[in-house]
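Work through the exercises below with the sequence and the coordinates open. Each task is followed by a solution in steps.

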Amino acid sequence: MVVAEQTRTIEEQRTWEGSLAELQGLVSERAMTGETMLLNMGPHHPSTHGVLRLLLELDGEEIVTCLPDIGFLHTGIEKSIEDKSFEKALPLTDRMDYLSPMSNNMAYASAVEKLIDLDVPERAQIIRVICLELARCASHLVWLGTHAIDMGAMSVLLYAFRERERILGMFEQLSGQRMMSSYIRPGGVWRDVPDVFLPTLKQFLSDFPAKVDDYEALLTQNPIWKDRGFGVGVIEPDVALAYGLTGPSLRGSGVNWDLRKAQPYSGYETYDFNVPLGEHGDVYDRYLIRIHEFRESIKILNQAVARLEKTKGPFRSENRKFVPPLRSELGTSMEAVIHHFKLWTYGYDAPDEEIYNAIESPRGEIGCYIHGTGSNKPRRVHFKTPSFIHISALPVMSKGYLLADMVAIIGSVDIVLGDCDR
Amino acid sequence: MEIPAPKDPVEAVKEAFGDAVLHIKEFRGETTIVVQPERVPDVLDFLRVTSGLVYNSLSDISAVDYYPNDYGDAFDGEDGNYRPERYGVSYHILSMLYNRRLRVKAFATDEDPVIPTATGIWPSASWLEREIADMMGVKFEAHPDARRLLMPDDWDGHPHRRDYPLGKETVAFSFNIEEISKHKPFAKD
Amino acid sequence: MGVSSKLGNLGVVTTTLDQAINWARTGAMWPLLFGLACCAIEYMASQASSYDLSRFGMELNRATPRQADLLIVSGRLTRKMAPVIRQLYDQMAEPKWVISMGDCASCGGVYNNYAIVQGVDEIIPVDVYVAGCPPRPEQLLHGILTLHEKIKGERINDWA
């Protein structure tokens, strides 16, 4: 039976018995007297990119402050992981930032590797870079489509999803699943790339730059797009750092910080790519950065493909204390059977220590804090997700702008509520 | 512009705060400084402004629950594990100038877990602390907004604590599906 | 009551009226623009050009529940969100149908814990359950076509 139950019925929960006094100190004094209007941009809204509730204090059309109310998608992933062994907890991490599941897998898998001190072979690192950059492209395509449709440009959504279907087809070739692939695992990847993958990827990489040019032709010089983007949602670099922004939202303000360059992982230091930087910190700059990130990802993918063809070797660590053997070995080797049994029933022991590991997801820095127990289940796993921090910075980014700009700002910051609420 | 040489954070904090520093730990290349909970905002501000340290960005605030028996006098773990109280709150800070990370940790007691807030130093700490107050029950003094963040406003309890049940529903098999369906609230209309 | 009593027992006419009404209902069912989590992204993918939902008349996603016929619950339902979805369902006008898309909406999915409602049918009545995590667009289309089959089996005598 359900142990933790709500004490109120659904009907009782629907009526708010609170009063305006609860918001004392959170909204300005003018809201208390009724001079400004409190508007609820509720959990069900087409432009909030998920179930986000914003309580807006409006002076006419101008935003005085906004109070984000999150938790409508809180899934208890962190507590559920405490109940599972490290390998079995991996599919739960897919479902946090559901636009780029590979990045979440990578954050978790690389944190586990740091905790148990596991090596990752070179071929696995190259495959991981390919997956992460494809996930970056897929996530930015959804961002582009939804941001554009919120601002009124409906056809961009259809074009973006057409490209995304090709990327999801490639993920399906790799792992069997379009989105929640659980492909990147501690020690490497789940299985080697199938033969059909590289030709598909090369075909995609030869078509995709022209498509990115198409998106730019539709939006970048568009006077409506520029009007809605220039000077909207400006955030200064020092304010951005104080509010903890990372990723394209921070680079839009001109701060040159990308974890792929500063604290490289999975061999990123060996690839030749640039990090686009903005100047003004407005919606338009953040848009341009992500468009240029498409091009940089294509560059990295081309280099990775060339490298993958030359690098042979294992696709996952061979350390059988932590990584289960291939099923083909089970028929011939007794040690393989014993390792398989132990790892899939019990798992492996992790030290009773804490580590923090961060990678660069399409949204920003996603950090994974794992505290082991010395046995097979973690004591605590905490994900520091970029969308959580960015939503907390929405009040400062939207102060003084119009209500229609709120939609533009939410879109430009690229929030995903699964990432925020976990 | 001349960038000053990086200083060792452990030595600098020990020199500035003396006996507020309770323990130092190194693991997998990460340094942890355990301080008294009352001094946490002072230590964080010192690390942020001091030349040679400049830990300008707060990455994460995480809380751990060492229940039931991994803390206090009953804990007889190895030499390197120092866990005097039940809740451990870790502040992960990052120095972009010197490209290094540090962890500042404080322990909060079981009966009255309180730590002064770091919101005055980094505004991003506001929601991170609110989440910990909501989910783990560690209160932060002088926090500007102490409402629940992720759980509904009238929720009882703190879900991330180790003694809070996961809340599983009994898995339905053919032998118990009728029993479960009798108690499950199906919406008829 | 209602229509059939006015027309009398004109057997042939009532059957064709059934078919006409059900054809009209299935031809242009407007879904509510409502997405909770990962399944919503697959719903958007099935709305986009590769697996076009417009051919089923479902191109218009109405943002307001007053104008929507179909509520596709795509994603995990948390306890905090449950009263919201009940209110949306109550605000929808008859006739209305509910498709529970994905494992989390059907039965709680991967999550069996304090925060997730174990199946959205605890809160609102569901017509069609679509399995998958997330379901492929083809699976969702199969679910929608199953709903169309279910609607075509409805008779006026049942609801009028």
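The exercises that follow concern a predicted model.

**Exercise 1. Helix α8 against helix α13**

Task: Determine how the axes of α8(A) and α13(A) are oriented, and which residues make the contact.

Solution:
- Step 1. Helix α8 of chain A covers residues 197–219, and helix α13 of chain A covers residues 283–310.
- Step 2. Their axes come within 10 Å and cross at roughly 160°.
- Step 3. Angles over 145 degrees count as roughly antiparallel, so α8(A) is roughly antiparallel to α13(A).
- Step 4. The handedness of this crossing of α8(A) and α13(A) is left-handed.
- Step 5. On the α8(A) side the contact includes Leu198(A), Leu201(A), Leu205(A), Phe208(A) and Val212(A). On the α13(A) side it includes Ile291(A), Phe294(A), Ile298(A), Leu301(A) and Val305(A).
- Step 6. Sorted by class, the residues of the contact of α8(A) with α13(A) are twelve nonpolar, one polar and three charged. Among the contact residues are Lys202(A), Glu216(A) and Arg295(A).

**Exercise 2. Helix α7 against helix α8**

Task: Repeat the analysis for α7(A) and α8(A), giving the angle and the distance between the axes.

Solution:
- Step 1. The packing angle of α7(A) and α8(A) is about 165°, and their axes are 11 Å apart.
- Step 2. With that angle, α7(A) is roughly antiparallel to α8(A).
- Step 3. The crossing of α7(A) past α8(A) is left-handed.
- Step 4. From α7(A), the contributors include Val156(A), Tyr159(A), Met170(A) and Leu174(A). From α8(A), they include Phe197(A), Leu201(A), Phe204(A), Phe208(A) and Tyr215(A).
- Step 5. The contact of α7(A) with α8(A) has eleven nonpolar residues, two polar and four charged.
- Step 6. Compare the two residue lists. Leu201(A), Phe208(A) and Tyr215(A) appear both in the contact of α8(A) with α13(A) and in the contact of α7(A) with α8(A).

**Exercise 3. A three-stranded sheet**

Task: Find the strand order of the open sheet of three strands in chain A, and state which strands are at its edges.

Solution:
- Step 1. The order is β6-β7-β8 of chain A, and the pairing is antiparallel.
- Step 2. β6 and β8 of chain A each pair on one side only, which makes them the edge strands.
- Step 3. From one strand to the next, the twist averages 15°.
- Step 4. Eight bridges hold the antiparallel pair β6(A) and β7(A). Within this pair, Asn357(A) has Cys368(A) in β7(A) as its bridge partner.
- Step 5. Helix α5 of chain A, residues 101–116, packs on the sheet and touches β6 and β7 of chain A. The direction of α5 makes about 150° with that of β6(A).

**Exercise 4. Strands β1, β2 and β3**

Task: Trace the pairing of β1(A) with β2(A) and of β2(A) with β3(A).

Solution:
- Step 1. β1 (residues 37–41) and β2 (residues 53–59) of chain A run antiparallel and are joined by five bridges. Opposite Met41(A) is Leu54(A) in β2(A).
- Step 2. β2(A) also pairs with β3 (residues 62–69) of chain A, in the antiparallel sense, over seven bridges. The partner of Glu57(A) in β3(A) is Thr65(A).
- Step 3. β2(A) and β3(A) form a hairpin with two residues between them. In the turn, Gly60(A) has a positive phi of about 75°.

**Exercise 5. Two interfaces of chain A**

Task: Describe the sides of chain A that touch chain B and chain C by element and by residue class.

Solution:
- Step 1. Take chain B first: 39 residues of chain A are in contact with 36 residues of chain B.
- Step 2. Elements of chain A that each supply at least two residues to this side include α3, α10 and the strands β6, β7 and β8.
- Step 3. This side of chain A divides into 17 nonpolar, nine polar and 13 charged residues.
- Step 4. For chain C, 32 residues of chain A are in contact with 34 residues of chain C.
- Step 5. Here α1, α3, α4 and α7 of chain A give two or more residues. α7(A) gives the most, with five residues.
- Step 6. The side of chain A that touches chain C has 17 nonpolar, nine polar and six charged residues.

**Exercise 6. The dimensions of chain B**

Task: Set the radius of gyration of chain B beside that of a compact globule of 189 residues.

Solution:
- Step 1. Chain B has four helices and seven strands, in the sequence pattern α-β-β-α-β-β-β-β-α-β-α.
- Step 2. A compact globule of 189 residues would have a radius of gyration near 16 Å, whereas chain B has 21 Å.
- Step 3. Along the principal axes, the C-alpha atoms of chain B fill a box of roughly 75 × 40 × 30 Å.

Terms used:
Residues numbered from 1 in each chain as written. Chains lettered and ligands numbered in written order. Predicted model: local features only at pLDDT ≥ 70, side-chain atom pairs only at ≥ 80, totals over all residues. Axes fitted to C-alpha atoms, helices over the stretch in contact; angles between N-to-C directions. Parallel < 35°, antiparallel > 145°, perpendicular 65-115°, else oblique. Left-handed = near helix turned anticlockwise from the far one by under 90°. Contact = placed C-beta atoms within 7 Å. Nonpolar A, V, L, I, M, F, W, Y, C, P; charged D, E, K, R; others polar. Pairing = 2+ DSSP bridges. Rg over C-alpha atoms; globule rule 2.2 N^0.38 Å.
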